Amino acid sequence: MNIQAPPRLFDEYTLPAYLGSVPSVAALLGGRPDSWQAKEIGDGNVNYVFEVTGPAGRVCVKQAMPYVRVSGASWPLTPLRARYEYRALQEHGGVVPERVPRVLHYDSGMSLLVTEFLTPHIVLRQGLLQGTHYPRLAGQLAHYLARSLFLTSDLACAAPRKRALVAEFSGNTEMTRIMEDMIFTEIYHDHHRNRWTSPHLDTTVERLRKDAALKIAVSRLKLRYLTGADALLHGDLHTGSILVTEDDTRVIDQEFAVHGPMGFDIGSLFAHLLLAYFALDAHGSGVAASPVRRTEQQEWLLRVVDDVWQGFASGFTTLWEQADQGDAYPRALFADTRGLRAERERYLNAVLADTIGFCGAEIIRRIIGMAHVAELESISSDEDRAACELRCLRLATDLLTRPAAYREPGALTSAAGALR
Ligand code: SR1
Ligand code: MG
């Protein structure tokens, strides 16, 4: 474990004075530090996040505490995660700057990152809970995925640079360990962190743990996550890691960044859109109070999944057609790039297969593992929540154990739609 606590842990009272010592941030905030307001706004499991407002502007500050936010000192965690988040923001910011926040300052000694404050953005998960449609979401997420994944892969990068980046991000072992344990391992046996809606899901959990085919499928995915350094991933791409307005989509919280299979990011995103979709069945208020609006919202969520995949696949293909730097499939061998058409399709089919698998694995762990989602947690009736969760688990186990049924892009959303 690599726990080297920052020499000072800032809070709402001490942060302004520190930011006053950073000229670029001080200039952006304007006025004097004693007039700045700092407020803790984090809602994730891992970090504290501060909004700091001055007379001229506002910034977002994240300091990596030497522990996990939701567990406190009982779960130590490396503050080095701030460095990986900063580096991933640099790398992804280099290829898709319009979809990530701008970095204003990074202090490695303090494990502290300052980014632009995005406003009037809200966390996508909150927007979905409120029943909001985001017309540009699918297109912008597809664009983000195509560029962040293609342009950090061997299809676009020269080998020396790609290998150096893989080596660098391979150091993010404490964060990737959390994923290795939580997604692929501990939910399939007794572990103190697991919890689920009990007793309603007890027999289902027992059945999952005895399902050899399921555990093989999940273990194959774990091996892909451990060894498939295809592109620089966000590494935790769920709807709590995305900020939105009607017009804009930004991806935040890159502290789990590592090279891995592209389908890990896409599958995680799809899992959370589908969890939101299924949870709507039991929400009796907001958009779900009206059956018509609920159905509209659910149909829109499925459309987002389909449109993200279509947009990703077409954006990825276009980038590949234009690429000339990547060491994989070198231009010298394919002067006539039409020869690559079938190979590109094969490549994308493999990404889709990974996506389906990781989507299933993520859905399961969000229901029977430690980290659950607000869409399901906010269902007050255990019976209603369990009914939604069982539908989610039925889809997820099918994705994992019958992959051949999900070779077509639309098969995932058709199956989800058929389960209502
Ligand atoms: C202790 S962290 C639990 C989960 O929250 C994060 O968002 C990651 O998904 C992690 O697995
Ligand atoms: Mg996060």
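**Exercise 1. A small sheet**

Task: In this predicted model, find how strands E8 and E10 pair, and then place them in their sheet.

Solution:
- Step 1. Start with the pair itself: E8 and strand E10 (residues 242–244) run antiparallel and are joined over 2 bridges.
- Step 2. Pick out one of the partners: Val123 has Leu243 in E10 as its bridge partner.
- Step 3. Now widen the view. The sheet is open and has 3 strands in the order E8-E10-E11, with antiparallel pairing.
- Step 4. Look at the edges. E8 and strand E11 (249–251) each have a single partner strand, so one side of each is left without a neighbour in the sheet.
- Step 5. Add the helix: H5 (residues 137–150) packs on the sheet and touches E10 and E11. The direction of H5 makes about 35 degrees with that of E11.

**Exercise 2. A hairpin**

Task: Work out how strands E4 and E5 are joined, and which residue of E5 stands opposite Val68.

Solution:
- Step 1. Find the strands: E4 covers residues 67–68 and E5 covers residues 72–76.
- Step 2. Check their sense. They run antiparallel, with 2 bridges between them.
- Step 3. Follow the chain from one to the other: a hairpin of 3 residues makes the connection.
- Step 4. Look across from Val68, and you will meet Gly72 in E5.

**Exercise 3. The two sides of a helix**

Task: Decide which residues of helix H8 are buried, which of its residues on the opposite face are exposed, and what covers the buried ones.

Solution:
- Step 1. H8 spans residues 202–210, and its buried residues are Thr204, Val205, Leu208 and Arg209.
- Step 2. Ask where they sit around the axis. They cover an arc of only 135 degrees, so they lie on the same side of H8.
- Step 3. Turn to the face that points away from this buried side: there you find the exposed residues Thr203, Arg207 and Lys210.
- Step 4. Look for the cover. It includes helix H9 (212–227), helix H12 (341–368) and helix H14 (382–401).

**Exercise 4. Two helices that meet**

Task: Describe how H8 and H9 are arranged, and which residues make their contact.

Solution:
- Step 1. The axes of H8 and H9 come within 5 Å and cross at roughly 70 degrees.
- Step 2. Angles of 65 to 115 degrees count as roughly perpendicular, so H8 is roughly perpendicular to H9.
- Step 3. List the residues in contact: H8 gives Leu208, Arg209 and Lys210, while H9 gives Ala212, Leu214 and Lys215.
- Step 4. Sort them by character. The contact of H8 with H9 has 3 nonpolar residues, no polar ones and 3 charged ones.

**Exercise 5. Two buried residues**

Task: Are Leu124 and His259 buried or exposed, and what do they touch?

Solution:
- Step 1. Locate them: Leu124 is in helix H4 (residues 124–129), and His259 is in strand E12 (residues 258–260).
- Step 2. Apply the cut-off. Buried means under 20% relative accessible area. Leu124 has 0%, so Leu124 is buried; His259 has 7%, so His259 is buried too.
- Step 3. Set aside residues up to four places away in sequence. Leu124 then touches Tyr134, Leu137, Thr239, Ile242 and Val244.
- Step 4. With neighbours within four places left out, the contacts of His259 include Thr152, Lys162, Phe169, Gly228 and Leu233.

**Exercise 6. Unusual backbone**

Task: Which peptide bonds before Pro120 and Pro199 are cis, and which phi angles do Ser111 and Tyr329 have?

Solution:
- Step 1. Recall the usual case: most residues other than glycine have a negative phi, and most peptide bonds are trans.
- Step 2. The bond from Thr119 to Pro120 is cis, with omega near 15 degrees. Pro120 lies in the loop between strand E7 (112–116) and strand E8 (122–123).
- Step 3. The bond joining Ser198 and Pro199 is also cis, with omega about 10 degrees. Pro199 sits in the loop between helix H7 (173–184) and H8.
- Step 4. Ser111 is not a glycine, yet has a positive phi of about 50 degrees. Ser111 belongs to the loop between strand E6 (103–107) and E7, and is buried at 8% relative accessible area.
- Step 5. Tyr329, not a glycine either, has a positive phi of about 50 degrees. The loop between helix H11 (291–322) and H12 holds Tyr329, which is partly exposed at 26% relative accessibility.

Definitions and conventions: Residues are numbered from 1 along each chain as its sequence is written. Chains are lettered from A and ligands numbered from 1 in the order in which they are written. This is a predicted model: local features need pLDDT of at least 70, side-chain atom pairs count only at pLDDT 80 or more; totals for chains, interfaces and linings use all residues. Side-chain values use heavy atoms; hydrogens and water are left out. Buried means under 20% relative accessible area, exposed over 50%, partly exposed in between (1.4 Å probe, protein chains only). Helices (H or I, at least four residues) and strands (E, at least two) are DSSP runs, numbered from the N terminus. The arc is that of the directions from the helix axis to the C-beta atoms. Contact means heavy atoms within 4.5 Å. Axes are lines fitted to C-alpha atoms, for helices over the stretch in contact, and angles run from 0 to 180 degrees between N-to-C directions. Angles under 35 degrees count as roughly parallel, over 145 as roughly antiparallel, 65 to 115 as roughly perpendicular and the rest as oblique. Ala, Val, Leu, Ile, Met, Phe, Trp, Tyr, Cys and Pro count as nonpolar, Asp, Glu, Lys and Arg as charged, and the others, Gly among them, as polar. Two strands pair if DSSP finds at least two bridges between them.
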